[in-house]
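Reader: I should like to understand the terms used to describe a protein structure. Would the Author please take me through this one and justify each term?

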Amino acid sequence: MATAKKLTDNHLTCGICTEVFRDPATLQCNHTFCKCCLLKYTKTQAEATQAKSIRCPSCRQLTKVAIPDSPVEEWISQLKASHVIQGLMDDFGEEARGIDCCMVCKREGEITPATSWCATCSDSFCERCLKVHRNMSLSSDHEVVDLSKKVQGKCKRLFMCKIHRDKQIELFCKDCTIPICTLCCSINHRKCDDVVTIDSMATLVKEHMTKETMKLKDKMKHKTDNISSAESSIKKITENASSVRCEIQKVRREAVDYLMRKEQLLLDQVDIFEEDNVQNWKRFIQSEEIDLQMYQQQIKITTNAVTSDCDEDMYALYKQADITSTDQIKILKKDVKRPTRHRISFSQNEEIFFRLNNLNLGDVKTRSGIFNFSFLFKR
């Protein structure tokens, strides 16, 4: 229903029964409940009752009662709705009181459209229940409004005494700070010194509540400013921390690059050593291979001369054998000496890991103020 949603959206529902408020009562913690629901709950809280207090069903905070020696029912009846809740109830008028259905039928599990509203009982009735209500002697003189004729404006509720439900509130006890009826005054407030009419207190109460409202608005503004400032601080902290992370990572990259350059210098030395020595040995191998080929060729020529039938060729070769075997080879090619075999080694700097272990990239410090992180690094 649109009405139910409207009332729920405006926080006009009891946290115990989850229904629209019926005779709401606000505790010192500013939580509001139906008086009947709060009464049933309070009777189950033995410790709170012994402490002469009303325990909040939501936050468990205790509310001290004005007259501790009175019955629990009177504790609850003396509670009033906060001016905010009461203002909403008055603004919504009939909707806030659940006037769209008969409250008597609703308690019986039926939904019947209401046609009348009793300002004294704060209940809505259908035609059938209204007849019963009017026929009862205790409620026959109650003020009843015809809802079908009440199209515009608000249905102002009569301020009735919760202890003596047929009596209208006419007085205010300043000693107890509660509104009372004439019967309450004569029975329970006979020893009170300062009792005035309810009308004379209305202006003072409104002024007080207006001032309280202004104080609450100032507090709300202060809290809103605090929240805004805190959110801004969170944003600045996040941005500052992100900036410092980038600086740390930059220093790390520079440090790694520096080590890699040092590494490359050593690797280049190893490469130069390897290249020079390998080339020397390759030149030696090439020289040896040339000698090997010449020797093979000389063996072939000598063998052919020995095995041939031509003695002239054999003696001619014999005469030239010493020259061909040694001197001729030295003339044909440059002599290459056997290179010395060198080895390379690496001597690790024994202090490097000790130094690295004690080396810091920098310091992260927190300065007072808006959590301003400063990054210090020396190279």
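Author: Gladly. The model is a predicted one. Let us begin with a sheet of 3 strands, which is open, antiparallel and ordered β6-β5-β7.

Reader: What makes β6 and β7 the edge strands of this sheet?

Author: Strand β6 (123-125) and strand β7 (144-146) each pair on one side only. Neighbouring strands of the sheet are turned against each other by 25 degrees on average, direction ignored.

Reader: How do you know that β5 and β6 are paired?

Author: Two strands pair if at least two bridges are found between them. Strand β5 (residues 116-118) is joined to β6 by 3 bridges, so the condition is met. Within this antiparallel pair, Ser-116 stands opposite Phe-125 of β6.

Reader: What makes you say that helix α7 packs on the sheet?

Author: Helix α7 (residues 127-135) touches β5, β6 and β7. Its direction makes about 115 degrees with that of β6.

Reader: Which residues of α7 are buried, and why are they said to line one face of the helix?

Author: The buried residues are Cys-129, Leu-130 and His-133. Viewed down the axis of α7, they fall within an arc of 105 degrees, and therefore they line one face. The cover over these residues includes α6, β5, β6 and β7. On the face turned away from the buried side, α7 carries the exposed residues Arg-128, Lys-131, Val-132 and Asn-135.

Reader: Why is Arg-128 called exposed, and why is Glu-110 called partly exposed?

Author: A residue counts as exposed over 50% relative accessible area, as buried under 20%, and as partly exposed in between. Arg-128 has 52%, so the word exposed applies. Glu-110 has 39%, which places this residue in the partly exposed class.

Reader: Why is the contact between Arg-128 and Glu-110 called a salt bridge?

Author: The term requires a side-chain nitrogen of Lys or Arg within 4 Å of a carboxyl oxygen of Asp or Glu. Between the side chains of Arg-128 and Glu-110, the N to O distance is 3.7 Å, so the pair qualifies. Arg-128 belongs to helix α7, whereas Glu-110 lies in the loop between α6 (103-107) and β5; the salt bridge therefore ties together parts that are 18 residues apart in sequence.

Reader: How many salt bridges does the whole structure contain?

Author: The search finds 5. Among them is the one between Lys-215 and Glu-212, whose closest N and O atoms are 3.8 Å apart. That value is also within 4 Å, so the name is justified. Lys-215 and Glu-212 are 3 residues apart in helix α9, a separation of about one helical turn. Lys-215, at 48% relative accessibility, counts as partly exposed, and Glu-212, at 27%, is partly exposed too.

Reader: What makes the pair Arg-355 and Glu-351 a salt bridge?

Author: The side chains meet at 2.8 Å, N to O, which is within 4 Å, so the condition holds. Arg-355 is exposed, at 53%, and Glu-351 is partly exposed, at 42%.

Reader: Where does helix α9 lie?

Author: Helix α9 (residues 198-307) lies across β8, β9 and β10, at about 90 degrees to β10. These 3 strands form an open antiparallel sheet in the order β9-β8-β10. Strands β9 (178-180) and β10 (195-197) are at the edges, since each pairs on one side only. The twist from one strand to the next averages 35 degrees.

Reader: How do you know that β8 is paired with β9?

Author: The antiparallel strands β8 (residues 171-173) and β9 are joined by 3 bridges, so the requirement of at least two is satisfied. In β9, Ile-178 is the bridge partner of Cys-173.

Reader: Which residues touch the most other members of the largest nonpolar core?

Author: They are Leu-27, Leu-38, Ile-54 and Leu-79, in a core of 20 residues. At least two residues of this core come from each of β2 (32-34), α2 (35-43) and α4 (72-78). Another core, of 13 residues, lies apart from it and includes Leu-171, Phe-172, Cys-173 and Cys-192.

Reader: What does Leu-79 touch?

Author: Leaving aside residues up to four places away in sequence, Leu-79 touches Ala-25, Thr-26, Leu-27, Lys-35, Leu-38 and Ile-54.

Methods. Residues numbered from 1 in each chain as written. Predicted model: local features only at pLDDT ≥ 70, side-chain atom pairs only at ≥ 80, totals over all residues. Heavy atoms only, no water. Helix = DSSP H or I, 4+ residues; strand = E, 2+ residues; numbered from the N terminus. Axes fitted to C-alpha atoms, helices over the stretch in contact; angles between N-to-C directions. Contact = heavy atoms within 4.5 Å. Buried < 20%, exposed > 50% of the residue type's maximum accessible area, 1.4 Å probe, protein only. Core = buried A, V, L, I, M, F, W, Y, C linked by side-chain atoms within 4.5 Å. Arc of directions from axis to C-beta.
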